[in-house]
Structures are given as C-alpha cells and as structure tokens.
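Could you walk me through this structure, one selection at a time? I have it open in my viewer and would like to know where to click and what is there.

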Amino acid sequence: MGGGGSVLKVCADHRGGINWLSLSPDGQRLLTGSEDGTARLWSTADGQCCALLQGHESYVTFCQLEDEAAFTCSADCTIRRWDVLTGQCLQVYRGHTSIVNRILVANNQLFSSSYDRTARVWSLDKGQISREFQGHRNCVLPLAYSAPWDLPSAPCVEEAVAGGLLVTGSTDGTAKVWQVASGCCHQTLRGHTGAVLCLVLDTPGHTAFTGSTDATIRAWDILSGEQLRVFREHQGSVICLELVNRFVYSGSADRTVKCWLADTGECVRTFTAHRRNVSALKYHAGTLFTGSGDACARAFDAQSGELRRVFRGHTFIINCIQVHGQVLYTASHDGALRLWDVRGLRGAPRPPPPTRSLSRLFSNKVGCAATPLQPA
C-alpha cells in the first residue's frame, strides 16, 4: 500500500513557485502561471515547453487555457489573453484596482474576481468591462458560472437568469449570486462564520457548495438563496472542493479529505495519510488524487479509501494537480512542474459524468489522451 510513484519528467523552467495549472479542452496543452511573473505553455505529448508568456509586471495568480487562447491574471491588477501558437499577448484587460485572484472563461465571456472587492465580466475581444459586481465587503476569491440554459425557464425567474448567474465567494464570509445580464445581486448566501475559500456548482440542481475557514461546507439553492444543508465533520479550514457524480470531496487544513453525499450531507469516507493541509484535489477514473502542504501527491482508491500511491519529489506545497491520459501533473510552490506515471492505478469503475455540471471551481475540460510518456 502507498508505494512510490515514478516521475516521468521534471520541468524546472520557472524561477518562482507555480500558483496554478490548467489543461486545454482538447488535452493537448498545459498552462502554468508562476510567482516569477510569467506563464508557460507545455505539450502534454512530450512535456516540452512550447511558449513563454511574458508581460505581467507581478506574479501570476491564476490561469485558464482554452483551445485557441490562454488567459492569465496577476497581482499587477490585469488580465491577459495570449495566442497559444505564438505566445503573443493579444489583449490586456485593465480596470481592477488590486490583485486579480481568479478568472473564468465561460459562455464567450471572461469573469474575474479581485482583492478590490469586486467581480467583473469582460468582453473577450474588446477587452472592455461589461458589468461590475459590487457588494462584497472584502476580497472576492472563487467564481462559478451557471449558463442560462442550465437554469429553470419558469416565468418568475426567466428574466433574472437570462444572462446566466455568477456565484462569488469572499473573505467577508458570504457568497453572492449575481444576475450577469443586469449586474444586480440576485441572492446573498449568509451562514458561514469565516472566509469562503472555494465553491463548486451543481448546475442541474442549481445548487452551490461552499467551503470556508469555519471548517464547514454549506449547500445553497442559488435561485432562492436558501441554505439547504451544512457539512460539519472537518476540524480545519476547507481549502478545496470537487463535485463528482453526486459526491462532494473536500480537502482541509485538518490534513484529511472527506467524501460526502451531496444530497444529504452525510460523510461516507475519510482519506487520511496527509501530514499537512490538503491543498488540491482531482478525481479521475475511480482514483482520487490529492496534493498537500507536505510536498507529496497521493492517489487513493475513491471507493475504498485505500492509499494506492505516493508521489514524492517536490520540496514545497503542491498548489494544483491535473490528470490527462496516464499522466499526473503536479505544480508546486518550489517552481517545478512534475509529470508522473499513473499506469496501473485501477480504482472503482468510473461513474458516468454529471450532466452539464461543473466538477471544479472552473471548467477545465480534458480531451482524449495524447501519446503516453515513457518513464525516465
């Protein structure tokens, strides 16, 4: 149990910690954003760096990769759009007055959240602000979007959700639901007693799950604002969430991951073995992959909770993980991107994907597998 994983490649080109990692929808490229103020594009076929994205004047906080463009945001208060083939900066989005924390590209729109206490939606091509969402009393962190076709068409809500709904979480202890078309606050979700660090959406059920420094997860109806249930067994801040096939997985500062029934809030499984906080989660094909402040990634059988493999080699906290084909990608604050062989991990059969639901904070879709790398 818990044997070591073999590393395929170590990419140490960045000169600062890697804050985020994103896969393109077609699965052919990987994007990393770093403390060194740059982002890099990588090929998933051979792990080679394809392009260096330079232009930000401070560290890159987050990134999202699409098939034809890459998006990065930074502590320099800007967002940038890049050509994935040439690495050229195509657009700079200016308007935030403090660190941009998160971005989300959805429904041909660009959403952002910032320390300036606002969220914004931008015109992708023109780089102009379409709407500014004001109302949070402190910095805005996670974002999630529910498109209009995923929401009820009842006359009482149809006008309000015509442009979709944006859900934001803040260090003020609330989450807010915004009408994208009007910019108005649709609902304020009150109940947490600490900062809201993460959130995921079940779009068919128009339900948001929020995780907080108050050690709870809460489920909300984003249309009515009603708090549906509270998940209470963690003993530390809830740092990351993953929603998969009616199960909610949560990583915490209490060094555990828990699996909950989304519809009841019952904790059905606890994954232990981490020596520090759990900072990243990814479910893939019956296996739950985790990243931790102890600089290790781990693979658990998602059904039994058995620890299957430990991936050692990083020297600092793992900030983000992705899985594509037979390769696990881990990005760390030590500045390294590591590629690991995950062949031979066979957990429970993979459940059918949730219908039109967001399984992470942001929609990082994975396409068909590239040619597997061979162990070094």
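Start by selecting Y115, which is partly exposed, with a relative accessibility of 43%. This is a predicted model, so keep that in mind at every stop on the tour. Y115 sits in the loop between β12 (109-114) and β13 (118-123). Which residues does Y115 touch, leaving out those up to four places away in sequence? Show S98, I99, N101 and C139, and you have them. Now add C77: the two C-alpha atoms, of Y115 and C77, are 9.2 Å apart in space, with the two positions 38 residues apart in sequence numbering.

**Next stop: C77 and its hairpin**

Keep C77 selected and look at the loop between β8 and β9, where this residue is placed. C77 has a positive phi, near 80°, and is a residue other than glycine. For background, most residues other than glycine have a negative phi. The loop belongs to a hairpin formed by β8 and β9, with four residues between the strands.

Now select β8 (residues 69-74) together with β9: the two run antiparallel and are joined by five bridges. To see one of the pairs, show A70 and W82, its bridge partner in β9.

Stay on β9, residues 79-83. Is this strand mostly covered or mostly open? It is mostly covered, as four of its five residues are buried. Then add β10 (residues 89-93), which is antiparallel to β9 and joined to it by four bridges. Here R80 stands opposite V92 in β10. β9 and β10 make a hairpin too, with five residues between them, and G87 in that turn has a positive phi of about 80°.

Before you leave this region, colour residues 53-92. UniProt, in an unreviewed entry, lists this span among those with the feature "repeat: WD". The span is 55% strand and 0% helix, and its end C-alpha atoms lie 13 Å apart. Another span in that UniProt feature is 231-270. Residues 231-270 are 57% strand and 0% helix, again with end C-alpha atoms 13 Å apart.

**Into the cores**

Select L110 and show its surroundings. Leaving aside neighbours within four places in sequence, L110 is in contact with residues including F71, I79, Y93, I103 and W122. L110 is also one of the residues with the most contacts inside the largest nonpolar core, which has 36 residues. Others in that group include L31, L53 and L337. A second, separate core has 15 residues, among them C240, Y249, C259 and C296.

**A look at the cysteines**

How many disulfides does the structure hold? The number is zero. Select C240 and C198 to see one example: C240 is in no disulfide, and the nearest cysteine sulfur, that of C198, is 6.6 Å away. C240 is buried, with a relative accessible area of 6%.

Then move to C267. Why does C267 form no bond with C259? The sulfur of C267 is 7.4 Å from that of C259, its closest cysteine sulfur, and this is too far for a bond. C267 counts as buried as well, at 17% relative accessibility.

**An open sheet**

Now select β1, β30, β29, β28 and β27. These five strands form an open sheet in that order, with mixed pairing. The edge strands are β1 (3-4) and β27 (278-284), each of which pairs on one side only. Zoom in on β1 and β30 (residues 307-311), which pair in the parallel sense over two bridges. There, G4 stands opposite V310 in β30.

**One more turn**

Select H206, in the loop between β19 (196-202) and β20 (207-212). H206 is not a glycine, yet its phi is positive, at about 35°.

**Zooming out**

Finally, show the whole chain. You will find one helix and 33 strands. Of its 376 residues, 61% count as buried. The chain exposes about 14400 Å², and carbon and sulfur atoms supply 45% of that area. Among the contacts with a separation of 6 or more, 49% come from residues 24 or more positions apart.

Conventions: Residues are numbered from 1 along each chain as its sequence is written. This is a predicted model: local features need pLDDT of at least 70, side-chain atom pairs count only at pLDDT 80 or more; totals for chains, interfaces and linings use all residues. Side-chain values use heavy atoms; hydrogens and water are left out. A disulfide is a pair of cysteine sulfur atoms within 2.5 Å. Buried means under 20% relative accessible area, exposed over 50%, partly exposed in between (1.4 Å probe, protein chains only). UniProt positions are given in the numbering used here, feature names are shortened, and annotations may be inferred rather than shown by experiment. Contact means heavy atoms within 4.5 Å. Two strands pair if DSSP finds at least two bridges between them. A nonpolar core is a set of buried Ala, Val, Leu, Ile, Met, Phe, Trp, Tyr and Cys residues joined through side-chain atoms within 4.5 Å. Accessible areas come from the Shrake-Rupley method with a 1.4 Å probe; for residues, only the protein chains shown count as cover.
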